[in-house]
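Work through the exercises below with the model open beside you. Try each task before reading its solution.

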Amino acid sequence: MRLENKVALITGASSGIGKESALLFAKEGAKIVAVDVNDAEGEKTVAEIKTAGGEAVYTHADVSKAADCEAMVKTAEDQFGKLNVMFNNAGIMDSRDDNALVTEEDVWDLTMAINLKGVFLGCKYGIAAMLRAGGGSIINTASFVGLMGAATPQVAYTASKGGVIALSRELSVIHARENIRVNALCPGPLRTELLMKFLDTEAKKQKRLVHIPMGRFGEAKEMAQAALFLASDESSYTTGTEFVVDGGITSAYVTPE
Ligand code: NAD
C-alpha cells in the first residue's frame, strides 16, 4: 500500500476532493483525520472508511480559526501518534465574488480567511507536528485560476489561490532540508458542488467548458489520485511545484474543434 504507516490530516473532507482523498488515502493504508465544518457529512466520510476496513476519526475545525487548526493537528498526534501528511484542501467560492467593482469587502475577507489564511494556519501547526515526526508531505489546494485569468470573474477566489501557490512555494524552500515537502495542487474546473453551485446555469457551465481541451469537467476522484502521489514517498523529489491537473486548460490558447 502506498501510504502504509502514515497519518494524514485532510481538511474539507466532507465533500468533493477532500472526501475522495480521505477514502483513497485510507484504502492505501493511511490513518485519516477528516476535518470539516459540515459534521454530518464528515462523520459519513469516516463511517465509509471504517466500513471499508480503514482507520479514521472526524474532527470539527473551521480552518480560518487558529485555535481550531491547532486542535485538529493535536487530534492527529493524540489519536494516531504523529502527522505525516497534511492536505490543506478546504475552500469556498462565494457566489457574490465577481469583478473588483462589485465584489464587496466582506466577500474578499471571508474568501481570504478560509482559502488563504486557512492554509497558512494548517501549515503553521502542521509543520510543527511534522518536525516532531521527522518530516512529511504538505499538499495545499490552489487552483488553475491562480495561474491564469478566469473567464468568469471571481477576484477574491483567484487572489486567494495565487496566494496559496506563493505560500506553498516559499514554505517548500524554507523546509526543504527538514524532510518536509510542500506542493500546491492546482485542479482545473471540477464537477463538484463548489463549482457547480457557482456555475449555476448551463450558459455559465458552457463558458467554462469551452476552454478545456478535454471538453469536460474533472472529477474529485481524479484530484485524489494526484494528491495520493504527492502524499506518498513516490514524490520524494517533488517539492515547491504547482502540480497542475486540469484537463489541459492552462496549456490551451484555443481548444480543439
Ligand atoms: P466542496 O465544496 O465539494 O468541498 C469543500 C469542503 O470544504 C466542504 O466540505 C466544506 O464544508 C469545507 N469547508 C468550507 N469552509 C470550511 C472551513 N472554514 N473550515 C473547514 N472546512 C470548510 O469543494 P471541492 O471542489 O472539493 O473543493 C476543494 C478545494 O479544491 C477547494 O480549496 C477549492 O477551492 C479547490 N478547487 C476546486 C475546483 C473546482 O472546480 N471544484 C477547482 C480548483 C480548486
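The exercises go from the whole chain to the ligand, and the model is a predicted one.

**Exercise 1.** Describe the fold by its secondary structure and judge how compact the protein is.

Solution. Start with the elements: the protein has eight helices and seven strands. Next, compare the radius of gyration, 17 Å, with the 18 Å that the globule rule gives for 257 residues; the two are close, so the protein is as compact as a globular protein of that length. Finally, the C-alpha trace spans about 50 × 40 × 40 Å along its principal axes.

**Exercise 2.** Find where the ligand sits and which residues surround it.

Solution. First locate the site: the ligand occupies the largest pocket. Then list the surroundings: there are 27 residues around the ligand, and S15, D36, Y157, L190 and T192 come nearest. Sort this shell by class to get 14 nonpolar, 10 polar and three charged residues. Last, assign helices: α1 (16-27), α5 (155-174) and α6 (193-198) each give the shell at least two residues.

**Exercise 3.** Identify polar contacts of the ligand, using a cut-off of 3.5 Å between N or O atoms, and state how much of the ligand is buried.

Solution. Begin with the side chain of Y157, which has a polar atom 2.6 Å from a ligand oxygen. Turn to the backbone: an N or O atom of I17 lies 2.8 Å from an oxygen atom of the ligand. A polar backbone atom of A61 is 3.4 Å from a ligand nitrogen. For burial, take the ligand alone, which exposes 830 Å²; the protein buries 93% of that.

Notes:
Residues are numbered from 1 along each chain as its sequence is written. This is a predicted model: local features need pLDDT of at least 70, side-chain atom pairs count only at pLDDT 80 or more; totals for chains, interfaces and linings use all residues. Side-chain values use heavy atoms; hydrogens and water are left out. A polar contact is a pair of N or O atoms within 3.5 Å; within protein, one must be able to donate a hydrogen and the other to accept it, and residues adjacent in sequence count only if both atoms are side-chain atoms. Accessible areas come from the Shrake-Rupley method with a 1.4 Å probe; for residues, only the protein chains shown count as cover. Helices (H or I, at least four residues) and strands (E, at least two) are DSSP runs, numbered from the N terminus. Ala, Val, Leu, Ile, Met, Phe, Trp, Tyr, Cys and Pro count as nonpolar, Asp, Glu, Lys and Arg as charged, and the others, Gly among them, as polar. The radius of gyration is taken over C-alpha atoms; the globule rule is 2.2 Å times the number of residues to the power 0.38.
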